[in-house]
Amino acid sequence: MSDTGASVLRARGLRKEYGKGAGLVRAVDEVDLDVASGETVAVMGPSGCGKSTLLHLLGGLDRPTSGELWLAGQRLDRMGERALARLRRDAVGFVFQAFHLMDELTAVENVELPALLAGRPARTARRRASALLDRVGLADRARFLPSALSGGQRQRVAIARALVSDPQVVLADEPTGNLDSQATVEVLRLFEGLHEAGQTLVIVTHDSRIAATADRLISMRDGAFIDETRLTGGSTGNLGSLAGLNGLT
Amino acid sequence: MGKIRLVGRLVGRDLRRRPGPAMLLVLAITAATATLTLGLVLRGVTNQPYQQTRAATDGPDVVAQIAGFGPVTTGPGHRRHVRHHGPSAPAPASAPITRAQIAAEAGALSRAPGVTRSSGPFPVASAVVRARGLTADVEAEGRSPAPASVDQPKVIAGTWVSRGGIVLERTFADALGVGVGDQVTLNGRPFRVAGIAVTAAGLPYPNLCYYPGGSCVFDLPGPFASRNVGFAWITEPDARALASAQAPLSYIVDLKLKDPAAAPAFASAHGNQPTPTSPTLIPWQAIQSSSGLLVQDEQSVISPGAWLAGLLAIASVAVLAGGRMAERTRRVGLLKAVGSTPGTVALVLLAENLLLALVAAAAGLAIGWLAAPLVASPGAALVGTPGAPAFTLSTVGVVIAVALVVALASTLVPAIRAARTSTVSALAAVSYNAGARTPRRRPRLIALSARLPVPALLGLRLVARRPRRALLSAASVAITATGIVAVLAFHTTVRLRTVGLANGLNDPVVDRDEQMLLVLTVVLVALTVLNAICAAWATVLDARHTSALARALGTTPRQVAAGIAAAQVIPAVPGALLGIPLGIGLFAVAAPGAGVVVPPASWLAAAVLGTSVVIAVLAAIPARVGARRPVSPILQAETA
Amino acid sequence: MQQEVILAMLAKEPSHGYDLRARLRQALGPLGDAMNDGHVYVTLTRLEKAGLVSSEQAAGLPDRPDRKVYGLTAAGQERVTGWLAEVSWPKPDLAEFHLKLIAAAAAGLADPLTIVDAQRRELLRRLRGAQRAALAEPDGSAAGLLLEGIVLRLQADLRWLEACERNWTPRKDPS
């Protein structure tokens with residue numbers, strides 16, 4: 001949990017607007033953000049507050065209306081589509097709420113896809129994909145199609161895929177949105193593991209369990225950051241009393 | 001009643017919301033129906049104009065040719081066949097027939113039972129005409145300035161024969177490129193073109209048994225036995241003056257029968273007697289069918305062309321329908337979710353396509369009707385043009401029926417399938433799967449594609465997802481390639497054939513054929529362009545999710561666009577290659593006289609390469625548009 | 001009923017006992033029907049004894065609790081402020097927190113949203129602790145199960161706090 005690392009992601013005055021005039025919608029409104037290397041940052045907020053839009057901006061999937069954005073030392077808001085694609089390929093891993101796995105590819109074929117699209121040789125990509133599937137605990141399901149996997153397993157495959165290019169930052173958009181509580185725990189463990197290994201994570205979620213894994217929690221409403229909480233350090237209280245073991249007052 | 005209104009409203013709203021695909025569908029079916037209309041209208045074309053010419057010129061029921069000799073060689077090695085060469089031709093005689101014998105024969109013919117009137121005998125001189133630097137063989141019939149009782153050619157420009165003046169048959173005049181007042185020479189003697197006329201007693205230049213064609217009036221050997229002899233009329237003294245020992249006169253007697261329908265019987269009964277003056281009798285029906293050869297020839301070009309165009313249109317429609325199914329599936333789900341029965345759902349889907357098909361049929365009929373006169377001027381020799389009479393109710397019926405069947409056939413299966421999918425899966429099958437069916441898995445193709453560069457990887461995987469659509473694409477490219485190769489084969493024969501036409505005149509038959517083939521090629525190419533764009537657009541729709549994901553994973557838009565274009569080219573190449581044998585076969589079937597003609601390899605290679613390149617370029621347009629769409633909405637589609 | 005609740009309700013202005021009763025009833029809605037009326041007066045007396053409230057007799061009325069007008073003393077004020085800032089969460093006592101928010105809003109003492117956010121923060125920290133402890137336990141252990149229960153409860157409470165936040169954002173003083 002070092003927060004002395006260099007800033008992997010930096011945003012200043014980030015804005016995203018749709019429409020104009022009376023119909024103007026500010027999806028993201030003057031957001032400033034710094035994410036240090038190895039940090040896990042969670043962004044929480046009600047539906048429609050713009051957190052998914054923010055994540056897409058951070059990953060270069062969408063262009064901001066105004067503002068500055070740096071990722072891995074490069075200025076995103078001035079890049080062309082091609083350069084953005086290259087940056088995404090090498091520096092960013094995405095995890096989506098709907099997993100977005102290819103239905104006709106097996107787990108290992110799904111995981112190796114970014115490497116293949118980056119032009120890596122087939123054998124190297126396959127080897128790396130197998131190693132990552134092992135890391136997320138799905139080595140025995142490598143040849144399964146997504147339809148044969150549970151929701152939690154699918155998301156773990158998606159996380160493995162996000163890691164295949166050894167990205168500087170993993171951006172997760174409601175990773176447990178489509179999962180039941182048990183699957184959520186699976187993903188939770190993974191995120192904790194990634195955090196311990198020093199992976200920088202930015203997670204957008206409305207699940208407080210996932211948010212609780214973060215070092216920092218940012219609350220968002222109507223496109224703007226309204227609150228920031230440092231979750232590391234601070235009291236955790238008497239667990240016993242939480243369970244009602246001290247008797248009732 | 002309420003149901004009809006509901007269906008109508010749903011259809012109307014859908015068409016208004018997405019007019020693009022509807023327009024493409026209409027275009028494709030219109031092209032098919034227009035070509036079909038053209039083909040049907042041209043069927044009944046020429047017989048009428050021949051009848052008109054016959055009536056206008058008081059054409060003969062039987063033409064008798066007397067005093068033919070064996071082949072006489074003359075000119076630049078060009079073998080000349082005098083007019084009545086046939087299986088019963090008399091052995092080459094050295095002594096010329098006397099005028100008395102001619103008169104006797106003519107008299108005998110005019111007195112034969114069933115003959116009402118006769119005219120002639122007219123002397124016919126075989127000569128060489130020179131005009132504007134061109135040389136051609138001509139048979140010049142000697143006539144008097146006064147009208148004959150049977151077969152008086154109708155002068156359409158200038159005047160009838162006069163001393164020193166020559167009247168040319170219309171197609172011959174066109175071929176030579178001369179008009180009234182021009183100077184020509186006949187065997188060296190100067191003549192002035194006094195007029196241009198048409199006749200029902202002979203055939204348009206270059207007449208008879210040319211290739212490719214139907215049946216032959218006179219049995220001439222060889223596939224390229226074009227007679228290339230023109231007709232003209234001069235005064236009788238001028239004709240006799242042209243006779244020489246090497247090229248003696250022959251004579252023509254025109255007969256009118258009491259029963260014109262019995263002309264063939266008359267001809268076989270009285271012709272081909274084994275006497276020195278044995279006349280060759282030609283009934284008017286033979287002339288009519290041969291004169292129709294020109295347009296029939298066009299038909300032999302149009303019919304396979306129309307079929308090709310029709311098939312291509314069906315392929316386009318099928319691809320379009322498949323592409324639209326993506327949108328449909330969700331609407332189906334919504335319709336069912338609000339309580340429509342599968343029957344209603346299928347009805348709505350079909351109603352829309354049938355409506356569009358009817359509109360397209362009407363448009364195609366209109367276009368075909370307007371274009372028919374342009375295409376079917378029935379050989380300049382005949383008076384009259386095809387017009388409304390050929391445009392019968394049955395034509396309209398057939399065209400509409402075809403359009404409806406096309407629309408039905410290609411949307412029925414998807415409609416039924418869409419109606420049968422469960423509501424839940426239909427609603428869920430939004431942009432994720434863009435279709436009622438999940439994509440197929442082909443492990444070997446997937447493994448293979450992993451070794452290819454990124455665009456080929458994407459292209460191959462896209463093809464592997466939808467093998468049926470790839471097959472359709474290949475089929476439609478094969479159809480076009482077939483047409484193109486058939487055209488190339490025709491051009492090959494034209495080259496071979498013009499070798500035989502050493503005198504440099506235009507062969508109007510070849511000209512017409514080339515014109516027709518050009519028109520058909522243009523139609524085919526237009527349909528292919530349409531098809532290619534539709535197929536590419538359908539792929540873009542289907543690949544929406546894949547493209548978005550690929551771009552999120554770091555593929556550049558250019559690579560994605562290249563992948564989509566590759567997905568079109570991969571099935572196109574085998575399709576184009578398949579078109580080669582099919583095209584050669586089609587040409588062999590459509591023009592049986594030629595045998596199997598294989599165009600030069602360089603042409604074929606150019607055709608295959610050109611087709612692939614064109615498909616790739618055409619696919620690039622929708623591909624680029626699709627690849628530049630914003631990624632976020634597509635990937636966020638599942639989150640509300 | 002917590003004494004602090006009554007204190008907080010007097011923060012706005014001094015009021016009669018029956019006033020307080022009515023406001024409590026209104027704030028609790030149907031849950032208030034089970035409330036014991038007398039409890040309020042008992043608490044008021046106790047608070048007066050503790051020096052946190054002072055009472056005044058309404059002029060011309062006999063010496064009865066329900067006729068008195070109660071107000072906060074300085075000590076009482078302090079107590080209220082301290083209570084509002086408190087974030088201990090011994091047991092799920094939704095009613096108390098709910099009333100805390102209402103009272104704070106009515107008295108203008110603190111922004112309810114701030115209170116909610118502070119409570120959320122605290123619960124999130126506790127959730128993190130409990131979750132880590134739960135994950136550290138081997139699969140199937142009894143302690144792990146208990147910890148999981150705590151985690152889920154905290155999660156549920158957090159969800160309610162989110163609802164509170166949503167609710168209090170545009171909402172004005174309900175009393």
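Start with chain C: buried residues make up 33% of its 175 residues. Keep in mind as you click around that this is a predicted model.

**Stop 1: chain C**

Colour chain C by secondary structure and you should find 7 helices and 3 strands. Going from the N terminus, the elements come in the order α-β-α-α-β-β-α-α-α-α. If you switch on a contact map, look at the pairs with a separation of 6 or more: residues 24 or more positions apart account for 62% of those contacts in chain C.

Now select residues 3-10 of chain C, which is helix α1. Is this helix enclosed or open? Of its 8 residues, 7 are buried, so α1(C) is largely enclosed by the rest of the structure. Show side chains for the buried ones: C:Glu4, C:Val5, C:Ile6, C:Leu7, C:Ala8, C:Met9 and C:Leu10. Note that a glutamate, C:Glu4, is on that list.

**Stop 2: chain A overall**

Hide chain C and bring up chain A, which has 8 helices and 10 strands. Chain A has 249 residues, and 51% of them count as buried. For contacts in chain A between residues at least 6 apart in sequence, 69% join residues at least 24 apart.

**Stop 3: the open sheet in chain A**

Pick out the strands β6, β7, β8, β3, β9 and β10 of chain A; in that order, these 6 strands form an open sheet with mixed pairing. Which strands stand at the edges? Select residues 92-95 and 224-230 of chain A: these are β6 and β10, and each has a single partner strand, so one side of each is left without a neighbour in the sheet. Turn the view to look across the strands, and you can follow a twist that averages 20° from one strand to the next.

Stay at the β10 edge for a moment. Strand β9(A), residues 216-221, is joined to β10(A) by 6 bridges, and the two run antiparallel. To see one pair up close, zoom in on A:Arg221, whose bridge partner in β10(A) is A:Ala224.

Then move over to the other edge and add residues 151-163 of chain A. This is helix α5(A), which lies across β6 and β7 (169-173) of chain A. Relative to β6(A), the helix runs at about 170°.

**Stop 4: A:His100**

Next, centre on A:His100, in the loop between β6 and α3 of chain A. What is phi here? Phi is near 55°, a positive value in a residue other than glycine. Although A:His100 is in a loop, A:His100 counts as buried because 23 C-beta neighbours sit inside 10 Å, the cut-off for buried being 20 or more.

**Stop 5: where chain A touches chain B**

Bring chain B into view. How many residues does each chain give to the contact? Chain A puts in 28 residues and chain B puts in 27 residues. On the chain A side, the elements to highlight are α1 (51-58), α2 (81-91) and α3 (107-117), each giving two or more residues. The biggest giver is α2(A), with 6 residues. Colour this side of chain A by residue class and you get 12 nonpolar, 6 polar and 10 charged.

**Stop 6: strand β10 of chain B**

Go into chain B and select residues 229-235, strand β10. Here 7 of the 7 residues are buried, so β10(B) is largely enclosed by the rest of the structure. Show its neighbours too. With β5(B), there are 7 bridges and the strands run parallel; B:Asp137, for one, has B:Val229 of β10(B) as its bridge partner. With strand β7(B), residues 165-169, there are 2 bridges and the strands run antiparallel. In that case you can pick B:Leu168, which has B:Ala232 in β10(B) as its bridge partner.

**Stop 7: two backbone details in chain B**

Select B:Gly120 and B:Pro121 together: the peptide bond from the glycine to the proline is cis, with omega near 5°. B:Pro121 is found in strand β4(B), residues 115-131.

Finish at B:Asp151, in the loop between β5 (134-143) and β6 (154-158) of chain B. Its phi is near 60°, again a positive value in a residue other than glycine. Is B:Asp151 buried or exposed? B:Asp151 has 28 C-beta neighbours inside 10 Å, so it counts as buried.

Note on methods. Residues are numbered from 1 along each chain as its sequence is written. Chains are lettered from A and ligands numbered from 1 in the order in which they are written. This is a predicted model: local features need pLDDT of at least 70, side-chain atom pairs count only at pLDDT 80 or more; totals for chains, interfaces and linings use all residues. Two residues are in contact if their C-beta atoms, placed from the backbone, lie within 7 Å. Helices (H or I, at least four residues) and strands (E, at least two) are DSSP runs, numbered from the N terminus. Ala, Val, Leu, Ile, Met, Phe, Trp, Tyr, Cys and Pro count as nonpolar, Asp, Glu, Lys and Arg as charged, and the others, Gly among them, as polar. Two strands pair if DSSP finds at least two bridges between them. Axes are lines fitted to C-alpha atoms, for helices over the stretch in contact, and angles run from 0 to 180 degrees between N-to-C directions. A residue is buried if 20 or more other C-beta atoms lie within 10 Å of its own, exposed if 12 or fewer, and partly exposed in between; C-beta atoms are placed from the backbone.
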